[in-house]
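User: Got a minute to go through this one with me? I'd like to poke at a few spots.
Analyst: Sure, let's pull it up.

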Amino acid sequence: MTRLTEKEALELLRSRDLLGVGARAHEVRERLVPGSLVTFIVDRNINYTNVCVSGCRFCAFYRAPGHPEAYVLPEEVIHEKIQETIDLGGTGILMQGGLHPDLDITWFEDLFRSIKSRFPSITIHSLSAPEIVHIARVSGLTVAETLRRLKASGLDSLPGGGAEILVERVRQQVAPHKASTREWLDVMREAHKQGIPGTATMMFGSVETLEERVEHLRVIRDLQDETGGFRAFIPWSFQSGHTELAGETDQATGMDYLMTLAVSRLYLDNIPHIQASWVTQGLKVGQIGLHFGADDLGSTMIEENVVASTGVRTRTNRAGLVHVIKEAGFTPAQRRTDYSLV
C-alpha cells in the first residue's frame with residue numbers, strides 16, 4: 001500500500017467525512033493488529049514532584065520552587081503506591097514530574113534501584129524526554145550518558161510525554177522554556193539506540209493549526225522509520241481549565257478527537273498500536289475510538305493528577321474498561337507495558 005502523504009492527511013483532517021475516515025482507519029487497524037482483542041494496562045501514574053521551572057502555559061499541575069503546595073514524594077511513599085498498584089493487579093508505573101532544579105541523576109538512580117530491589121517485577125515506564133534533558137543539564141551529563149545510567153539503574157522504557165506539538169512555533173507559545181522539538185526527538189532517538197523503547201504522544205487542540213498536527217505526525221513517522229523504537233502512539237486533547245491558556249483556545253470536540261485519532265492510525269503506518277484516550281474525552285468517546293483505529297484503551301489510571309488539575313476527572317477501574325471494551329464488540333485483554341499479555 002502507498003503511504004498517506006502529508007497533503008492527504010491534511011485533507012482528511014479538514015474533511016467532514018468522520019464515518020468514512022473512521023472506517024478506513026478501522027480497516028488499517030484490522031490489518032496491522034488483526035483479531036478482536038483490545039488491550040489495556042493496569043498501572044499507576046506517580047507524579048514524584050510538582051515542582052517545575054518550565055512554567056508551561058498549558059499546565060495546571062506544576063508549582064514553582066518554594067511554593068507552599070510544592071512537594072517531592074519521599075521514597076517510602078512511592079514504594080507504598082507501587083505496592084498498592086501490585087495489590088490491584090498492576091504491572092507497571094508511569095513516573096513523571098516537574099523539572100525540579102535540585103533533583104539530579106543520583107536521586108533517580110537511587111530511587112529506581114530501590115524500586116527494582118523491592119519490586120523486581122514492576123516495569124518502570126518513566127521520565128519524559130524534557131525530564132531527561134533537564135536531568136542531564138542539572139547533572140552536567142550528556143543525554144546519552146544520562147540514559148545509560150538510568151537504564152542501568154532500572155529504567156525500562158520512556159513515555160511520550162512532553163511532545164505536545166513538535167513544531168517550534170507552537171512550543172514557543174505554550175512551553176517556551178521546555179525541550180525543543182529537536183531535543184525531544186534526539187532523546188527518543190538515543191533511547192531507541194540504547195534499547196530503551198517508548199511511546200509517542202500528541203497533545204492537540206491548543207494553539208496549533210491542522211498543518212502543524214500533520215507536521216507532528218510526520219516527524220514521529222520519520223523517526224520511527226529510522227529507529228523502530230515506538231510501541232504506540234497516543235493522541236489526546238488539550239484541557240484548558242486552570243491553565244494560562246484558558247479562554248484563549250477552543251476545546252477540541254469529540255468529533256475533532258475521533259478524526260485526529262483516525263488520521264493518526266492512517267498516517268502512522270509504522271507504529272503498531274494506537275491508544276484511545278478516555279481520560280480527556282471520557283469513556284464513551286474512548287469506546288467509540290475503538291472503531292476509529294485504536295486497538296488499545298490505555299490504563300486504568302489508578303492515580304492521575306495532571307489532567308485532574310484542569311478540573312477534568314474521569315475515573316474507572318479494570319472492570320470498567322473490560323465492560324467498555326466488551327460493549328464495543330471486542331475482547332478485552334490486560335497487557336504489560338511492552339504489549340505482552342498478562
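User: What comes right after α13, and what sign does its phi have?
Analyst: That's Gly329, with a positive phi near 95°. Keep in mind that we're looking at a predicted model.

User: OK. And what caps the N-terminal end of that helix?
Analyst: Asn317 does the capping there. One of its side-chain oxygens sits 3.2 Å from the backbone nitrogen of Ala319.

User: Which residues of α13 are buried?
Analyst: α13 spans residues 318-327, and Gly320, Leu321, Val322, Val324 and Ile325 are buried in it.

User: What covers them?
Analyst: The cover includes two helices, α11 (278-281) and α12 (283-289), plus the strands β1, β8 and β9.

User: Those strands, then. What's the strand order in that sheet?
Analyst: The order is β8-β1-β9, an open sheet of three strands with parallel pairing. β8 (296-299) and β9 (331-335) are the edge strands; each has a single partner, so one side of each has no neighbour in the sheet. From one strand to the next, the twist averages 25°.

User: How many bridges hold β1 to each partner?
Analyst: β1, residues 37-41, has two bridges to β8 and five to β9. Both pairs run parallel.

User: Which residues does Thr39 bridge to?
Analyst: On the β8 side the partner of Thr39 is Asp296, and on the β9 side it's Ala333. Also in β8, Ser299 stands opposite Ile41.

User: Is β1 mostly enclosed or mostly open?
Analyst: Largely enclosed by the rest of the structure, because four of its five residues are buried.

User: Switching to charges. Where's Arg44, and is it buried or exposed?
Analyst: Arg44 is in strand β2, residues 43-46. Its relative accessibility is 6%, under the 20% cut-off, so Arg44 counts as buried.

User: What does the Arg44 side chain reach?
Analyst: Two things I can point to. The side chain reaches the backbone oxygen of Lys81 at 3.2 Å. There's also a polar contact of 3.2 Å between the side chains of Arg44 and Glu84.

User: Helix packing next. At what angle do α5 and α8 cross?
Analyst: Roughly 90°, with the axes coming within 9 Å. α5 covers residues 129-139 and α8 covers 181-193. The two helices are therefore roughly perpendicular to each other.

User: Which residues meet there?
Analyst: From α5 you get Ala129, Pro130, Ile132, Val133 and Arg137. They meet Glu183, Trp184 and Val187 of α8. By class, that contact has six nonpolar residues, two charged and no polar ones.

User: Going back to phi, which residues other than glycine have a positive value?
Analyst: Among them are Glu164, with phi near 50°, and Tyr339, at about 75°. For context, most residues other than glycine have a negative phi.

User: Where do those two sit?
Analyst: Glu164 is in the loop between α6 (143-153) and α7 (168-174). Tyr339 lies in the segment after β9.

User: Buried or exposed?
Analyst: Both count as buried: Glu164 at 8% relative accessibility, Tyr339 at 12%.

User: I also flagged Val214. Which helix is it in, and what does it touch?
Analyst: Val214 is in α9, residues 210-227. Leaving aside neighbours within four places in sequence, Val214 is in contact with Glu6, Ala9, Leu10 and Leu13. Val214 is buried, with a relative accessible area of 4%.

User: How far is Val214 from Tyr267?
Analyst: 8.9 Å, C-alpha to C-alpha, with their positions 53 residues apart in sequence.

User: Last one: how far apart are Gly20 and Phe292, in sequence and in space?
Analyst: They're 272 residues apart in sequence and 9.7 Å apart in space, again C-alpha to C-alpha. Gly20 belongs to helix α2, residues 18-32. Its relative accessibility is 24%, so Gly20 counts as partly exposed.

Methods: Residues numbered from 1 in each chain as written. Predicted model: local features only at pLDDT ≥ 70, side-chain atom pairs only at ≥ 80, totals over all residues. Heavy atoms only, no water. Pairing = 2+ DSSP bridges. Axes fitted to C-alpha atoms, helices over the stretch in contact; angles between N-to-C directions. Parallel < 35°, antiparallel > 145°, perpendicular 65-115°, else oblique. Contact = heavy atoms within 4.5 Å. Nonpolar A, V, L, I, M, F, W, Y, C, P; charged D, E, K, R; others polar. Buried < 20%, exposed > 50% of the residue type's maximum accessible area, 1.4 Å probe, protein only. Polar contact = N/O pair within 3.5 Å; in protein donor to acceptor, adjacent residues only side chain to side chain.
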